[in-house]
Amino acid sequence: MAFSMAADVASRPSLRAQVERALSAAIVSGQLAPGELLTVPTLAVKFEVSATPVREALLDLAHRGLVEPVRNKGFRVTEVSDAELESLAKIRLLLEPPSMRDLAPKFDLAREAEMRELADRITQGAKDVDLKLYLEADVEFHSRLTSMLGNAMLTQLVDDLRTRARLSNLQRMAESGHLDASAAEHHELVDALVAHDMDLAEEIMRRHVGHTVGIWAGRDETK
């Protein structure tokens, strides 16, 4: 396993949530590959925490479909097929672009600074090839925007759908510089929201979601 964060996890509250977040980011980014077996004792040592928060985090990840239990062994990272990825993208396209269109005319300009700061963190993560920073800021960015619509169920659903889509090509994108263009779309989206431009906000979000079955999946979007 190429990911690391023991001291970072141990220093914060809610160990279960922190372990889950770290593992989720590693799985979504492809650092933990499909089929890889995760065991509670090994992860407890790696994170420098007790077995309990690790076990609970893995059970939460299993509920979200990111891992599956393997009897008497541990948990195996699940794989998302091309068909599943396409299905996830289609559902997201039904939810996220229209949501940003709805948000644009009512976007609170007092929230611009916090969204700019998150967009900056995403851009920095892409620049530094820091996938942990990129993914954590990306998740927070989209979750906050969706929550501004005041529909908790929508926010939860979008968060879940975004997590289930794997970005196995993320490392290669970052190293090639292609991740920078995707990161820049977050600032573009904030620009559109600040301008209360409904059409542009929807178009940017539609393009952004499209990357999950395009460049983020290792496919050429120009064809």
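# Helix α2, a small set of paired strands and two nonpolar cores

E20 is found in helix α2, and this predicted model can be read outwards from that residue. The helix that holds E20 covers residues 15-29, and 11 of its 15 residues are buried. The points below take up the helix, then the paired strands, and then the nonpolar cores.

**Helix α2 and residue E20**

- Helix α2 has 15 residues and reaches 21 Å from its first C-alpha to its last, which is close to the 21 Å expected at 1.5 Å a residue.
- The helix is mostly covered, and its buried residues include Q18, V19, E20, A22 and L23, as well as I27 and V28.
- Is E20 buried or exposed? E20 has a relative accessible area of 14%, and because buried means under 20%, this residue counts as buried.
- When neighbours within four places in sequence are left aside, E20 is in contact with A57, D60, L61 and R64.
- After α2 comes G30, a residue whose phi is positive, near 90 degrees.

**The paired strands**

- Strand β3 (residues 74-77) pairs in the antiparallel sense with strand β1 (residues 37-38), and two bridges join them; here the bridge partner of L38 in β3 is F75.
- Strand β3 also pairs in the antiparallel sense with strand β2 (residues 67-70), in this case over four bridges, and V67 stands opposite V77 in β3.
- The hairpin of β2 and β3 has three residues between the strands, and N72 in this hairpin takes a positive phi near 65 degrees.

**The nonpolar cores**

- In soluble globular proteins, nonpolar side chains tend to be buried together.
- Which residues of the largest nonpolar core touch the most other members? This core has 28 residues, and those with the most such partners are M115, F141, L145, L189 and L193.
- The elements that give two or more residues to this core are α2, α5 (82-103), α6 (112-128), α7 (131-147), α10 (178-194) and α11 (198-210).
- Not counting residues up to four places away in sequence, F141 touches M115, L118, A119 and I122, and also H186, L189 and V190.
- Apart from the largest core lies another core, of 20 residues, among them V19, L23, A44 and V49; V19 and L23 are also listed with the buried residues of α2.

How values were computed
Residues are numbered from 1 along each chain as its sequence is written. This is a predicted model: local features need pLDDT of at least 70, side-chain atom pairs count only at pLDDT 80 or more; totals for chains, interfaces and linings use all residues. Side-chain values use heavy atoms; hydrogens and water are left out. The expected span of a helix is 1.5 Å times one less than its number of residues. Buried means under 20% relative accessible area, exposed over 50%, partly exposed in between (1.4 Å probe, protein chains only). Contact means heavy atoms within 4.5 Å. Two strands pair if DSSP finds at least two bridges between them. A nonpolar core is a set of buried Ala, Val, Leu, Ile, Met, Phe, Trp, Tyr and Cys residues joined through side-chain atoms within 4.5 Å.
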